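Q: Please take a close look at the salt bridges in this structure, and explain with care where the partners sit and how far each one is covered.

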Amino acid sequence: MRQLILCVFCLAFSFSFSQDKTHNSYIDLSYFKGNIALHNNDILHLIKGRPEGYILSWNKKTYGFNAWEQRYNYPDYGVSFAYQNLKNDVLGEVSALFAHYNFYFLKRKLMLRIGQGLAFTTNPYDKANNFRNIAFGSKLMSSTYIMLNYKKERLIDRFGLQAGLSLIHYSNANVKAPNTSINSLTFNLGVTYNLDEETLEYQNTLDENDNKFTQPIKYNIAFRSGINESDVVGSGQFPFYIFSGYADKRLNRKSAIQLGTDVFFSNFLKELIHFKSVSFPEENVAGDEDYKRVGVFAGHELFINKTSLITQLGYYVYYPFDFEGKTYFRVGLKRYINDKWFGALTLKSHGAKAEAVEFGIGVRL
């Protein structure tokens, strides 16, 4: 893991010296310390000490040479490596690698960073040797972090400072049970270093009509799949399949609204239905309930270059077996391969309870 991180940052560092004069780059290193948030009473025994760690990032600055950069106030994008000691022998230590965007507000003094990536824990759940770790059911997990910082670059030559708050989330999204997950709320303090001597001039070429963008209603077909497990530890991992159809309407260059339906074939529910019927007769589960579900949803898509952020709120209209309630939520990323085809990585949950990480492909007609 450490060799991979070193290779990524060496590659990014080398790219910074071969700029096409439309971008500059910088690195930042932040130390953080804070607390594990109590989002579930089941993790009370895991909250000890004050977890700490660091985040090392390489960032590519944009200056508006592409239109989308101007629309989003010249964001940065790059890669981050985070290390965290959770101050608990049960939880161990976590290392994570992210892709991130930095968005700026208040005359570029306030930075909001959103990162998504993969994390590796040193001490996951083990029924014999680490049965108390109900937060991490697997060594490999997904991770999200959000950083809100006051930032000032080039205070002394190329060096600057940043400070603020960070939220770091680790979860395997029920790929394997148990999975209560961990959220860390932290304070961070860091230093920035610009890799380029000179700064570039921000471009401002968009006119007032740029946001007046129209497009006819588009129709989308998507297929999503993956594996997951119920909350019953040891019940087994099963594949799931989701077929989605929806229409979207672009409101402007940044946003579109969506309306559609999902059909879920979640095989882990077959095993859960059987388990409930045998082990908990008081719940009145017959054992022959249908594991399939059908939902309708409304959503929003935020377009950032070829990548977009999707959020969807759904409601099951066919729901023969009660599992975590009738409403569901989906959030994630789409990446457009061309004008029609896209790939997607999304998280489906019921409130704060994750059900699955979905890998998808689709077409927009």
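A: What follows goes through the salt bridges one pair at a time and then turns to a nonpolar patch.

The model is a predicted one, and it holds 18 salt bridges. In general, side chains of opposite charge can pair when their charged atoms come close.

One of these pairs is formed by the side chains of Glu52 and Lys87, with 3.0 Å from N to O. Glu52 belongs to strand S2 (residues 52-62), while Lys87 sits in the loop between strand S3 (76-85) and strand S4 (93-105), so the pair ties together parts that are 35 residues apart in sequence. Glu52 has a relative accessibility of 22% and therefore counts as partly exposed, and Lys87, at 33%, is likewise partly exposed.

Another pair joins the side chains of Lys61 and Glu153, at 3.2 Å from N to O. Here distant parts of the chain are linked, as Lys61 lies in strand S2 and Glu153 in strand S6, 92 residues apart. Lys61 counts as buried because its relative accessible area is 6%, which is under the 20% limit for that word. Through shared partners, salt bridges join Lys61, Asp76, Lys151 and Glu153 into one network.

A further salt bridge is that of Glu355 with Lys348, whose closest N and O atoms are 3.0 Å apart, and both of these residues are buried.

Strand S6 also has a part in a nonpolar surface patch of about 560 Å², made by Leu29, Leu155, Ile156, Phe159, Leu161 and Val191, to which strand S6 (140-156) and strand S7 (159-171) each give two or more residues. Leu155, which lies in strand S6, is partly exposed, with a relative accessible area of 47%.

How values were computed:
Residues are numbered from 1 along each chain as its sequence is written. This is a predicted model: local features need pLDDT of at least 70, side-chain atom pairs count only at pLDDT 80 or more; totals for chains, interfaces and linings use all residues. Side-chain values use heavy atoms; hydrogens and water are left out. Patches are made of residues with over 30% relative accessible area and no salt bridge: like charges are joined within 9 Å, nonpolar side chains (Val, Leu, Ile, Met, Phe, Trp, Tyr) within 5 Å. Accessible areas come from the Shrake-Rupley method with a 1.4 Å probe; for residues, only the protein chains shown count as cover. A salt bridge is a side-chain nitrogen of Lys or Arg within 4 Å of a carboxyl oxygen of Asp or Glu. Helices (H or I, at least four residues) and strands (E, at least two) are DSSP runs, numbered from the N terminus. Buried means under 20% relative accessible area, exposed over 50%, partly exposed in between (1.4 Å probe, protein chains only).
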